[in-house]
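Reader: I am new to this structure. Please take me through the sheet, slowly enough that I can follow each strand and what rests against it.

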Amino acid sequence: GGAVQNIRLEVSRNIYKNGVSAGIAGFDKVGLHYAAALGALIADPRPGLAIMQGITAEIAARATALAESGAVSVAVAEGESGIYVRCTVHTGGGQGMSLIQGAHTNIVLTQANGQTLHQGQHAAASGLALLEKLKSLPMAEIRALAAGATEEELAFLMDGVQMNEAL
C-alpha cells in the first residue's frame, strides 16, 4: 500500500526492443516507462492483458508525472531471453515485486516486502511450442481454426496486427 515512489523494471532484450516504443491502448504516450507506471497505478491484475482498460484521466496524469520525473527505471536483464519482465515497485508502505516469464500472462512470482504471495511455474517454451505446433498444421486446419474464432478473438488479433504495423 501507499503512494508509488519508484519503479524498477527489468526486461529481456526482446521485451525491451519491442516495448521501448510500443503504443499503449487508451494512452497518448509510448514505451516501457509509461506502461510500468500505468500498471503500478492501476494495480489490479485481474484484467490480465486488458489491464490498460483501467486507465482514467487521473491515472494517466499520475503515470505521466511519475515516468517523466525519473522515478521509473528500465534495464535489460542480462542473460534472460524470451518473455521476461521483473517489476519492483516501492511505495510508502513497502515494496512489491512481480516476475512474468515464459508467457505474457504467466506470473511466476509475486512478493510483498520480501514475503512470497504467489509462486507459479515457469512456462519457458510455451510460445515456441505453439509456433512449432502451428508450423506442423496443414493450411486447411489453420483456416478452420481462424474460421472458428469468435468476433472478440479476431478483434484482439487485429488490434495486435494494427499495433505492430503502426510501429
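Author: What follows is a close look at the sheet, strand by strand, and then at the parts around it. The model is a predicted one.

Start with the chain as a whole. The protein chain has six helices and six strands. From the N terminus, the elements run β-α-α-α-β-β-β-β-β-α-α-α. Contacts across the sequence matter for the picture here. Take the contacts with a separation of 6 or more: residues 24 or more positions apart account for 51% of them.

Now the sheet. Six strands form it, and it is open. The order is S2-S1-S3-S4-S5-S6, with mixed pairing. Strand S2 (72–76) and strand S6 (115–119) are the edge strands, and each pairs on one side only. Neighbouring strands are turned against each other by 15 degrees on average, direction ignored.

Move along to strand S3, residues 84–91. S3 pairs with strand S4, residues 94–101, in the antiparallel sense. Eight bridges hold the two in register. Val85 gives you a place to look: across from Val85, in S4, stands Ile100. The link from S3 to S4 is a hairpin through two residues.

Next comes the other side of S4. Strand S5 covers residues 107–112 and runs antiparallel to S4, with five bridges between them. Find Gly96, and you will see Ala112 of S5 opposite. S4 and S5 also form a hairpin, this one with five residues between the strands. Look in that turn for Gly102, which has a positive phi of about 90 degrees.

One step remains to reach the edge. S5 and S6 run antiparallel and are joined by four bridges. Thr110 has His118 in S6 as its bridge partner. The loop between S5 and S6 contains Asn113. Asn113 is not a glycine, yet its phi is positive, near 50 degrees. Is Asn113 buried or exposed? Asn113 counts as exposed, at 55% relative accessibility.

Now go back to the other end of the sheet. Helix H2 (residues 32–42) lies across strand S1 (4–11), S2 and S3. H2 runs at about 125 degrees to S1.

This is also where to look for the largest nonpolar core. That core has 30 residues. Ile7, Leu9, Leu38 and Ile55 touch the most other members. S1, H2, H3, S2 and S3 each supply at least two of its residues. Which element gives the most to this core? H2 does, with eight residues.

Leu38 deserves a closer look. Set aside its neighbours within four places in sequence. Leu38 is then in contact with Ile24, Phe27, Met52, Ile55, Ile59, Ala60 and Ala63. There is a second, separate core as well, of six residues. Among them are Ala77, Tyr84, Met97 and Leu99. In soluble globular proteins, nonpolar side chains tend to be buried together. In this protein chain of 167 residues, 30% count as buried.

Charged side chains come last. How many salt bridges does a search of the whole structure find? The search finds five. One joins Glu10 and Arg8, at 4.0 Å from N to O. Arg8 is partly exposed, with a relative accessible area of 36%. Arg8 and Glu10 also belong to a network of salt bridges that takes in Arg86.

Another salt bridge joins Glu78 and Arg13, at 3.0 Å from N to O. Glu78 lies in the loop between S2 and S3, and Arg13 in helix H1 (residues 13–19), so the pair ties together parts that are 65 residues apart in sequence. Both Glu78 and Arg13 are exposed.

Glu68 and Lys29 make a salt bridge too, with their closest N and O atoms 3.7 Å apart. Glu68 sits in helix H3 (residues 57–68), and Lys29 in the loop between H1 and H2. The two are 39 residues apart, so this pair links distant parts of the chain. Glu68 is partly exposed, with a relative accessible area of 49%. Lys29 also counts as partly exposed, at 27% relative accessibility.

Finish with the outer surface. The protein chain exposes about 10,500 Å². Carbon and sulfur atoms supply 57% of that area.

How values were computed: Residues numbered from 1 in each chain as written. Predicted model: local features only at pLDDT ≥ 70, side-chain atom pairs only at ≥ 80, totals over all residues. Heavy atoms only, no water. Pairing = 2+ DSSP bridges. Buried < 20%, exposed > 50% of the residue type's maximum accessible area, 1.4 Å probe, protein only. Contact = heavy atoms within 4.5 Å. Areas by Shrake-Rupley, 256 points an atom, 1.4 Å probe, with all protein chains shown as cover. Axes fitted to C-alpha atoms, helices over the stretch in contact; angles between N-to-C directions. Salt bridge = Lys/Arg side-chain N within 4 Å of Asp/Glu carboxyl O. Core = buried A, V, L, I, M, F, W, Y, C linked by side-chain atoms within 4.5 Å.
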